[in-house]
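Subject: Structure handover

Hello,

Here is the structure I said I would pass on. Please open it first; my notes on what was found follow below.

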Amino acid sequence: MNKKLTIKDAMQTDRAGVAAVSPPVHLPGLLTFEAAARHLNFARAAAELGVTPTAVSRTIKTVEAQLNVRLFNRTTRSVSLTEAGASLHSTVAPALALIRNSLSEALLATDQPSGTVRVNSSYVAYRMLIEPHLEAFLESFPLIHVEISLDNLLGDIVSAGFDIGIRMGKKVQNDMVAVQLGKVQKRILVAAPNYFQHRREPRSIDDLLKHDCIRQRYSVGGRWFEWRFDANGQMVQIDVQGRLLFDEMRSVVDAAVQGLGIGFVFEEFAKHELASGQLRQILKQHSGMDDAFHLYYPHRKHMPGKLRAFVDFMRAANKA
């Protein structure tokens, strides 16, 4: 008589026909594995999980021992998935994403959104649009934690573990939603009063070619900020020269305050230095209009309550 062997979900049968319990891999171990497999970097996975790289390495070794299979190829310079690791990740990642989405949907039904909102922003956007309203946000949503990372890189916020990004402009990936945060930014020319002790103040845009202009890139190795001005209804661009170059506007402002040259910065960003007299605006008849900053985040059918709270609050606080 033929016999049918049924393998249940939580059991496996060895060659002797003895049923054995599946390896006891627990959810924290799978979460650690998924983060490490996504980043292929134990330090980044540790930062996302809020633990040390040593703890991540130890957990991965435990999971490998429980499964009796190597999941990662590790050297002093790189981390990569083995075939078994890649196979496990292709199954585990969607399952964990489903769990996270289910939890997010559950949070939507609560009166008080909770959890951690991870934000990636440039320093300028944070200083002007987030920092002034952060205290009020935390008071309004006591169950929400905010984690902020500042840089000028236009990276993949999802793969980096962020919930939301803030950048100039609205050109984002197809699977992202972008919403304007605050008004269109106005650029003005600024310099410290002592910069003109031995120099004549420029009276026209062309005069800038005779001065040390503090230039800026969008990011390390990125393209230059272009010095464009509205001159009597026409757009004029000038290729200024200078010995200082930064990839961060706060450094441009600091250098201008020290009298090291003329900066072309957001009026809103330099308002404290202008109000204190550390800087003064020059060529007031000429300014440049840039884009507005935008919040961007992954398109989701159900937006997590913590993310909705952050987006709605900051947009209202910075309403143009």
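Two residues are in contact when heavy atoms of theirs lie within 4.5 Å of each other. With that in hand, look at the contacts between residues at least 6 apart in the sequence: 72% of them join residues at least 24 apart. Please keep in mind that this is a predicted model.

The overall figures

The chain has 320 residues, and 39% of them count as buried. Its accessible surface is about 18,800 Å², with 51% of that belonging to carbon and sulfur atoms. Along the chain there are 8 helices and 17 strands.

The open sheet

Five of the strands make up an open sheet, in the order S6-S5-S7-S17-S8, with mixed pairing. Which strands stand at the edges? They are S6 (144–150) and S8 (176–181); each has a single partner strand, so one side of each is left without a neighbour in the sheet. From one strand to the next, the twist averages 25°.

At one of these edges, S8 pairs with S17 (residues 293–298) in the antiparallel sense, over 6 bridges. To find this pairing on screen, start from methionine 176, whose bridge partner in S17 is proline 298.

A helix also belongs in this picture. H5 (residues 123–140) lies across S5 (115–121), S6, S7 (164–168), S8 and S17. The angle at which H5 runs to S6 is about 165°.

Two packed helices

Elsewhere in the chain, H1 (residues 27–39) packs against H3 (residues 53–67), with the two axes 9 Å apart and at an angle of about 115°. Angles of 65 to 115 degrees count as roughly perpendicular, and H1 and H3 are therefore described that way. The crossing of H1 past H3 is left-handed. From H1, the contact is made by Gly29, Thr32, Phe33 and Ala36; from H3, Val56, Thr59, Ile60 and Val63 take part.

One residue in H1

Glutamate 34 also lies in H1. Is this residue buried or exposed? Its relative accessible area is 5%, and the cut-off for buried is under 20%, so glutamate 34 is buried. What is glutamate 34 in contact with, leaving aside its neighbours within four places in sequence? The residues are His89, Val92, Ala93, Leu96 and Arg100.

That is what I have for now.

Regards

Terms used: Residues numbered from 1 in each chain as written. Predicted model: local features only at pLDDT ≥ 70, side-chain atom pairs only at ≥ 80, totals over all residues. Heavy atoms only, no water. Helix = DSSP H or I, 4+ residues; strand = E, 2+ residues; numbered from the N terminus. Buried < 20%, exposed > 50% of the residue type's maximum accessible area, 1.4 Å probe, protein only. Areas by Shrake-Rupley, 256 points an atom, 1.4 Å probe, with all protein chains shown as cover. Pairing = 2+ DSSP bridges. Axes fitted to C-alpha atoms, helices over the stretch in contact; angles between N-to-C directions. Parallel < 35°, antiparallel > 145°, perpendicular 65-115°, else oblique. Left-handed = near helix turned anticlockwise from the far one by under 90°.
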